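Student: I've just opened this one and I'm a bit lost. Can we go through it together, one question at a time?

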Amino acid sequence: MTQTSFVPLHPQPVEEDPLELMDEIEQLKAEHDAVLLAHFYVNGEIQDIADFTGDSLKLARDAVTVTNSTIVFAGVHFMAESAKILNPAKRVLIPDLLAGCSLAESCPADKLAAYQAELRQAGHDFETVAYINTSAAVKSLCDWIVTSGNAREIIDRVPAGKEILFVPDQHLGRYLSEVTGRPMILWPGSCMVHEVFSVQDLLRAKRNNPGSVVLAHPECPKPILDVSDVVGGTERMRKYVASVSTPTIFLVATEANMIHPLSLAAPQHTYIPVPGIMASDGTTCACNKCPHMSRNTLRAVRDCLKTGQPEIQWQPYFDKAQAVLQKSLLQ
Ligand code: SF4
């Protein structure tokens, strides 16, 4: 009788020891003169071995200061693109090219260009302010780039007589319009993670945790912000919890990995991630985890250091995006 062997169609990757992967990454970084930047939304174990951690604004500025010849950007595609644009001479690697962003994808460059032309034809005199969560092609069509950390300051630089077209996040745009008093034409984009928080679950969590403080990212819809105590980007959240000495319960309405840097900055507190929408079977979804950020694994970081791929390549529209990024983030 002949024996047949079974070959699975999609073999599962062999489990690798995280500590060994971390050692290998350290070794490869030294061999390839590389530095690792990690966003607050990637897995805590990658943040722990990164040379720089932070929000988009801090990492973009950190990227400019590095002296190594290679930058590995554990984050999403638009962040690695920005690092390359601000540092054309460096080799910029991203652990997984498919780490995109639902918010950036909600505003394609061709649609934005068509809408800008339509507005001009209708007699609007405006400047376009883009959240950093946009592709470089979109940035090249804009006048200003903001992050949640510098948005107010940049919006103050838009001449008073000009209208503002804000892209791509409608929730952040509406919030900024409220706090700056500047009317805005809003692009109807949103982030898949921040859009799904449930007000009912948040109110229930508040009731179950008397005295708790709600921290919310301005990418959340207005009903969430209306019941929050502190609204700000991730760096502001980190600074805020560090400024509170009394042990406090914080309910955190942003990507769930943010709990890691908050706990490191202020371990005296308790952090509870705000759950997403409740399913009919009574469970909550795991939708406060960004599936794009989750593509950054220790294995992917190791592999990209080993192979030198994927690498962000300079594109013709990077020149225009560079001028806008430099005047917005570095001046
Ligand atoms: S959390 Fe939202 S905005 Fe941030 S990378 Fe993921 S999809 Fe984009």
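Student: Where is P168 found?
Tutor: This is a predicted model, where local features need pLDDT of at least 70, side-chain atom pairs count only at pLDDT 80 or more, and totals for chains, interfaces and linings use all residues. Residues are numbered from 1 along each chain as its sequence is written, and side-chain values use heavy atoms, with hydrogens and water left out. Helices (H or I, at least four residues) and strands (E, at least two) are DSSP runs, numbered from the N terminus. With that numbering, P168 is found in the loop between strand 7 and helix 9.

Student: Which kind of peptide bond joins V167 and P168, cis or trans?
Tutor: Omega tells you here, and for this bond omega is about -10°. The bond joining V167 and P168 is cis.

Student: What about the peptide bond from Q309 to P310, what is omega near?
Tutor: P310 has its place in the loop between helix 14 (298-307) and helix 15 (318-330). The peptide bond from Q309 to P310 is cis, with omega near -10°.

Student: Back to strand 7: in what order do the strands of the sheet 6, 5, 7 and 8 stand?
Tutor: Two strands pair if DSSP finds at least two bridges between them. Strand 7 (residues 163-167) is joined to strand 8 by three bridges, and these two run parallel. F166 stands opposite L186 in strand 8. The four strands form an open sheet with parallel pairing, in the order 6-5-7-8.

Student: Why is one side of strand 6 and of strand 8 left without a neighbour in the sheet?
Tutor: Strand 6 (144-146) and strand 8 (184-186) stand at the edges, so one side of each lacks a neighbour in the sheet. The reason is that each has a single partner strand.

Student: At what angle to strand 8 does helix 9 run?
Tutor: Axes are lines fitted to C-alpha atoms, for helices over the stretch in contact (heavy atoms within 4.5 Å). Angles run from 0 to 180 degrees between N-to-C directions. Helix 9 (residues 170-180) lies across strand 5 (126-131), strand 7 and strand 8, and its angle to strand 8 is about 170°.

Student: There's a sheet with strands 2, 1, 3 and 4 too, so what does its twist average from one strand to the next?
Tutor: This open sheet has four strands in the order 2-1-3-4, with parallel pairing. Its edge strands, strand 2 (52-54) and strand 4 (91-93), each pair on one side only. From one strand to the next, the twist averages 20°.

Student: Which residue in strand 3 is the bridge partner of L36?
Tutor: Strand 1 and strand 3 (residues 70-74) pair in the parallel sense over five bridges. For L36, the bridge partner in strand 3 is V72.

Student: How many of the residues of the shell around the ligand are charged?
Tutor: The ligand is surrounded (a heavy atom within 4 Å) by Y41, C101, S102, N133, C191, V193, E219, C290 and M293. Asp, Glu, Lys and Arg count as charged; Ala, Val, Leu, Ile, Met, Phe, Trp, Tyr, Cys and Pro as nonpolar; the others, Gly among them, as polar. The shell divides into six nonpolar, two polar and, as for charged, one.
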